[in-house]
Amino acid sequence: EFHFGTTLITMYFHDREYLHTMSPINELPTSNQEKLFKYLLQKPIPTYKLGILDNKIFISYRIHMSDMFSSFAATIRKDLAIFALKADEMSHFFKDHFGCPMTKYSKEENANQKLTLSNNGG
């Protein structure tokens, strides 16, 4: 677990076969839910999944561990690195456009944190 920007990012293994990366990015708003649900159903985020559990909006990414050693390994590393950026971006998007409060896991004081990606293969 770690915080990036305002969001909590959690990475864990499931059954030693899958790597899950997830972030509880927002609470559901108390009103205007129809527009939010339409957005969630109609606007997929390539590579990542949006979902709702216990009145929270989550963003997630899952891969099979064998894929880490395949020809897709570089793409997977990039997807994992960008996940934190996308989670923080979507948290602010849902707050600003749909009135979704941040979760209790959010840390507002980290909002200015920056993530830099290198092209050195890592």
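Q: What makes residues 109-122 a stretch of low confidence in this predicted model?
A: The pLDDT, the predictor's confidence in each residue on a scale from 0 to 100, stays under 50 over residues 109-122. For these residues the model has 16 contacts (heavy atoms within 4.5 Å) beyond four places in sequence. Over the chain, the mean pLDDT is 86, and 88% of residues reach 70 or more.

Q: Why is the pairing of Glu 34 and Lys 38 called a salt bridge?
A: A salt bridge requires a side-chain nitrogen of Lys or Arg within 4 Å of a carboxyl oxygen of Asp or Glu. The N to O distance between Glu 34 and Lys 38 is 3.4 Å, so the pair meets the definition. The two residues lie four residues apart in helix α1 (residues 33-42), separated by about one helical turn.

Q: Why is Glu 34 called exposed?
A: Exposed means over 50% relative accessible area, buried under 20%, and partly exposed in between (1.4 Å probe, protein chains only). Glu 34 has 55% and is therefore exposed, whereas Lys 38, with 44%, is partly exposed.

Q: How do you know that Lys 86 and Glu 89 meet in a salt bridge?
A: Their N to O distance is 3.2 Å, and the limit is therefore satisfied. Both belong to helix α2 (residues 73-98), three residues apart. Glu 89 is partly exposed, at 45%. The whole structure holds two salt bridges.

Residues are numbered from 1 along each chain as its sequence is written, and side-chain values use heavy atoms, without hydrogens and water. In this predicted model, local features need pLDDT of at least 70 and side-chain atom pairs count only at pLDDT 80 or more, while totals for chains, interfaces and linings use all residues.
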